[in-house]
Amino acid sequence: MAITSVATPRSAAAAGRPRLCFVGPMLGVNPGWVTSQGELLAGLLASADYQVRITSHRLERLPRLLDILGSLVAWRDEIDLVVHQVFSGPAFAVTDAASALCRALGLPQVFALHGGALPEFAAEHGRWVRRVLRRAEAIVTPSTYLAQAFAAYPDLIARIHTIPNILEIENYPYRHRPVVRPRLLWMRTFHEIYHPQMAVEVLAELRRTHPEAILTMAGQEKGLHSAVQALARQRDLSAFVRFPGFLGPEDKAREFANHDIYLNTNHVDNMPVSVLEACAFGLPVVATAVGGVPHLLRDGETGLLGPDGDVGAMVGAVRRLLDEPELAGVLSANGRHLAESCAWEPVQARWEALFAEVLYA
C-alpha cells in the first residue's frame with residue numbers, strides 16, 4: 001500500500017526530502033483496528049510533501065510478511081530510506097526478514113521501536129535482537145525507557161535517538177478539571193498485559209465510599225472482553241460498567257468529555273498513546289508504575305502512580321483526586337502541557353533532522 005504525496009520523486013529530492021517506505025503491521029485501515037504510530041507518521045509526512053509508501057495492512061502475519069517482501073523488491077528503486085516498525089514476539093521475525101532483504105537491496109534503514117515488552121524480549125533473545133538491530137543506521141525510541149534498555153548494547157548507543165509519539169493535538173479539545181467526579185474511563189485492548197480486570201476491582205472498592213462511581217471500558221471486543229464482563233456481573237456492577245467497544249475519533253472525543261479520571265492498569269507499557277490522549281483531553285491519569293510509564297508521567301505532577309496490580313493504591317489515588325481539587329487541577333493542566341510536547345510540529349523537526357543525519361551527514 002502506498003501513500004502518495006503531491007511531491008514527485010524529483011521534486012522531493014530537490015527539496016531534500018527522502019522517498020520513504022514504512023514497514024510493519026500497518027493495520028489501522030482495517031475496521032476496528034487502531035491507527036498505529038507508523039501509519040500516523042507516514043500520513044503526516046505525506047501531507048508535508050514527502051513521497052511515502054507503506055506496507056503492509058494485511059492482518060495475518062505470513063501474508064503480511066510476503067506482502068512486505070514483495071513490496072520492497074518492487075519499490076527498491078523508488079525508496080531512499082526504510083522505516084521499520086519494530087515489535088517483540090513473532091512480529092520481530094518479520095522485522096528480521098524485512099531488514100535482511102533491505103540490507104541485500106542496499107536500502108538504508110531506521111528502526112522505530114515500540115512496545116513495553118521489548119526489553120524483556122531482548123533479554124531473552126539477546127544475540128538475535130542485537131544482530132538484527134545492527135542493520136539499522138539509526139534506532140528511534142519513543143521514550144527514555146526503551147533508550148536506556150537498549151543502551152546496554154554499547155555498539156548501538158550512538159545510533160539511538162528518542163523521538164516521542166505523535167498526537168495531532170488539534171483533535172483533542174481540552175477541558176480543565178479542577179474538580180473531578182468519580183466517572184472513570186479505561187481504554188485499551190482487552191489483553192492480559194493491560195490487566196483490564198483491575199479496573200473493575202477498582203470500581204468495586206471505590207463504590208464503598210463513592211456509590212455514584214461509574215466506569216467505562218472501551219476497546220476491541222476480543223481477548224478478555226467476555227471475562228471482564230463476567231467479572232463485572234460477579235461483582236454486581238453490571239449497571240455501573242459500560243462496554244462501548246472500539247472508539248472511533250468522534251466516539252473517543254465524546255467518551256473522554258463525559259469522564260473525569262483515566263485509569264491505566266497495565267502490567268507492561270512503554271509510552272502509551274492512550275495516556276497521552278487522556279492528558280490532552282484534560283483527564284487526570286492514575287496509572288501503574290510499570291515499564292516506560294514512570295518515564296512519561298511524574299508522580300504528583302502529570303499523573304498519580306502506584307504499584308503494578310495494587311488495587312488499593314489505585315483506589316487511594318482516585319480518592320485523592322476526588323478529595324483534593326487542587327491536585328486534580330494541577331494534573332489536568334500539566335497533563336495537557338505534556339501532550340502538547342508530542343504535537344506534530346516539534347516531532348516533525350526531529351524526524352527530519354534524523355533523516356538528514358542518516359542520509360546526508
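## Helices H8 and H13

H8 and H13 are oblique to each other. The reason is the angle: these helices pack at about 55 degrees, and an angle between 35 and 65 degrees falls outside the parallel and perpendicular classes, so the pair counts as oblique. The model is predicted. H8 covers residues 196–206 and H13 covers residues 311–323. Their axes lie 9 Å apart. The crossing is right-handed.

H8 brings Met198, Glu201, Val202, Glu205 and Leu206 to the contact. H13 brings Val311, Met314, Val315, Val318, Arg319 and Leu322. By class, the contact has 8 nonpolar and 3 charged residues. It has no polar ones.

## Gln37 in helix H2

Gln37 belongs to helix H2, which spans residues 37–47. Gln37 has a relative accessible area of 14%. The cut-off for buried is under 20%, so Gln37 counts as buried.

The Gln37 side chain reaches the backbone nitrogen of Ile166, at 2.7 Å. Ile166 is also among the contacts of Gln37 beyond four places in sequence. The others in that set are His114, Asn165 and Val273.

## Gln348 in helix H15

Helix H15 runs over residues 344–360 and holds Gln348. The relative accessible area of Gln348 is 18%. That is under 20%, so Gln348 is buried.

Gln348 and Leu41 are 307 residues apart along the chain. Their C-alpha atoms are separated by 8.7 Å. Leu41 falls within the residue range of H2, 37–47.

How values were computed. Residues numbered from 1 in each chain as written. Predicted model: local features only at pLDDT ≥ 70, side-chain atom pairs only at ≥ 80, totals over all residues. Heavy atoms only, no water. Helix = DSSP H or I, 4+ residues; strand = E, 2+ residues; numbered from the N terminus. Buried < 20%, exposed > 50% of the residue type's maximum accessible area, 1.4 Å probe, protein only. Polar contact = N/O pair within 3.5 Å; in protein donor to acceptor, adjacent residues only side chain to side chain. Contact = heavy atoms within 4.5 Å. Axes fitted to C-alpha atoms, helices over the stretch in contact; angles between N-to-C directions. Parallel < 35°, antiparallel > 145°, perpendicular 65-115°, else oblique. Left-handed = near helix turned anticlockwise from the far one by under 90°. Nonpolar A, V, L, I, M, F, W, Y, C, P; charged D, E, K, R; others polar.
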